[in-house]
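I sat down with this model today and kept notes as I went. Here they are, in the order I looked things up.

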Amino acid sequence: MTDLLKNPRRIALGCEGSANKLGIGIILHENDTSTVLSNIRHTFVSPPGTGFLPKDTAAHHRSFFVRLALQALRVANITIPDIDCICYTRGPGMGAPLTSVAIAARTLSLLWNKPLVGVNHCIGHIEMGRAITGASHPVVLYVSGGNTQVIAYAEQRYRIFGEALDIAVGNCLDRFARTLEISNDPAPGYNIEQLAKQGGRILLDLPYAVKGMDCSFSGILTRADELAAHMKSGGKGPDGEAFTPADLCFSLQETIFAMLVEITERAMAHVGSSQVLIVGGVGCNERLQEMMGAMAAERGGSVYATDERFCIDNGIMIAHAGLLAYETGFQTPIEESTCTQRFRTDEVLVKWRK
């Protein structure tokens, strides 16, 4: 810890691979500022109508890890001795991809004789979002393919106020993209968003499942799948009018985003915050940002979000959150450098925040 205090300039390399994105990022902390030195990413894309299997995704990460790490070093224009620690995603996420990247990060730690820091994936999203946007004390909406949570900070923990009871909102969108056989390139949720912009003529009736501070998306997905099958067989909407995939995507987005806005507003009222920070891959969605912005404006508040460089899974968020923890003296011993598919956001002691 004494060495950390003597050296105000610190650099971390972060490794992310909890799902189909492999990311390597390098960040500099100096004089209370954070500078992104490199942020390299490569995505495993499966064929339309399919999802990404853990074994295939892990194989992708193993194949691309070395070249991404070398590219990150070149872009950052640093050498191995400049690095203070190696950070990796400990969880949550898909088991096989997490394991492949954890082993790679452990290997770098041993080869380069650098301390290792295991990072909670959600904490990475939150801290990177705060650093990029400048949001000071926001209610956080964390929305991705594997997680849906409404979070606020209190007493050195990120407390979960509400979450999905079944599947995550991003998983709902991804699976519906499979139903419609929408391309997975660059991402199924992004392609649903673009298709939804062509809809709006018809708002189809879908279940609205808010239960207290929590949401349920599985029933909405089932009903959307039923309507898609009805459409493909030549069926009409409730008014006797034909509807299109664009109408389905529009209706799905409007319904699930309205649910997210409701529980986020309730959390804002509870903690007395006027700020909303949207993080996670689904946070890139412009319609979600627009709906959340309208709600926040009515309360005299504001919405903070990042672009796809930081919203979508990336290595720089792991580097940043890991370096914040490292600066408090935290390290992960090699013998404890495991990963886990279940790692709650509120399990992490946030020592770097007062």
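Is N31 buried or exposed? I looked it up, and N31 counts as exposed because its relative accessibility is 58%. A reminder to myself before going on: this is a predicted model.

**Entry 1: positive phi values**

I started with N31 since its backbone caught my eye. Its phi is near 55 degrees, which is positive in a residue other than glycine. I placed N31 in the loop between β2 (21-30) and β3 (33-43).

Next I turned to E181, where phi is again positive in a residue other than glycine, near 55 degrees. E181 belongs to the loop between α5 and α6. I noted E181 as exposed because its relative accessible area is 60%.

**Entry 2: cis peptide bonds**

I then went through the prolines. The bond from G91 to P92 is cis, and its omega is near -5 degrees. I found P92 in the loop between β4 (85-91) and α3 (95-112).

D185 and P186 are also joined by a cis peptide bond, with omega about 0 degrees. P186 sits in the loop between α5 (169-179) and α6, and E181 is found in the loop between α5 and α6 as well.

**Entry 3: helix α2**

Where is the kink in helix α2 centred? I found it at F64, with a bend of about 45 degrees in a helix that covers residues 54-76. F64 is also one of the buried residues of α2, among them H60, H61, F65 and L68. I checked what covers these buried residues, and the list includes β1 (9-16), β2, β3 and α3.

The ring of F64 has a charged partner: R67 lies over its face, 4.5 Å from the ring centre. Just after α2, I noted that N77 takes a positive phi of about 60 degrees.

**Entry 4: rings and a reach along the chain**

While I was on rings, I looked for others with a charge over them. The charged end of R90 sits over the ring of F343, at 5.2 Å from its centre. For aromatic pairs, I counted one in the structure.

Then I looked at Q341, which is in the segment after α11 (315-326). Which residues does Q341 touch, not counting those up to four places away in sequence? They are P92, G93, M94, G95 and L98, so I was back at the P92 of the cis bond from G91. The C-alpha atoms of Q341 and G95 are separated by 5.7 Å, although the two are 246 residues apart along the chain. I have Q341 down as partly exposed because its relative accessibility is 48%.**Entry 5: the annotated site**

I moved on to the record. The UniProt annotation "binding site", from an unreviewed entry, covers Y142, V143, S144, G145, G146, D174, G189, E193 and N285. I looked at two of these residues in turn.

V143 is in strand β6 (residues 139-143). Why does V143 count as buried? Its relative accessibility is 0%, and buried means under 20%. Leaving aside neighbours within four places in sequence, V143 is in contact with residues including T148, V169, L260, I278 and L288.

G189 is found in helix α6, which covers residues 188-196.

The unreviewed UniProt entry also lists a "domain: Gcp-like" for residues 39-319. I looked at this span in the model: 49% of it is helix and 17% is strand, and its end C-alpha atoms lie 10 Å apart.

**Entry 6: the cores**

My last lookup was the nonpolar packing. Which residues touch the most other members of the largest nonpolar core? They are F176, F217, L248 and L288, out of 48 residues. Each of β6, α5, α6, α7 (218-232), α8 (245-271), β11 (275-279) and α9 (286-298) supplies at least two residues of this core. The most comes from α8, which gives twelve residues.

I followed L288 a little further. Outside its neighbours within four places in sequence, L288 is in contact with L141, V143, F257, L260, I278, V282 and G283. V143, named in the UniProt annotation "binding site", is thus a contact of this core residue.

There is also a second, separate core of 32 residues, which includes I123, I151, I316 and W352. I closed the notebook there.

Key. Residues are numbered from 1 along each chain as its sequence is written. This is a predicted model: local features need pLDDT of at least 70, side-chain atom pairs count only at pLDDT 80 or more; totals for chains, interfaces and linings use all residues. Side-chain values use heavy atoms; hydrogens and water are left out. Rings of Phe, Tyr and Trp (its six-membered ring) pair if their centres lie within 6.5 Å; planes under 30 degrees apart count as stacked, over 60 as edge-to-face and the rest as tilted. A charge sits over a ring if NZ of Lys or CZ of Arg is within 6 Å of the ring centre and within 35 degrees of the ring normal. UniProt positions are given in the numbering used here, feature names are shortened, and annotations may be inferred rather than shown by experiment. Helices (H or I, at least four residues) and strands (E, at least two) are DSSP runs, numbered from the N terminus. Buried means under 20% relative accessible area, exposed over 50%, partly exposed in between (1.4 Å probe, protein chains only). Contact means heavy atoms within 4.5 Å. The bend at a residue is the angle between axes fitted to the seven residues ending there and the seven starting there. A nonpolar core is a set of buried Ala, Val, Leu, Ile, Met, Phe, Trp, Tyr and Cys residues joined through side-chain atoms within 4.5 Å.
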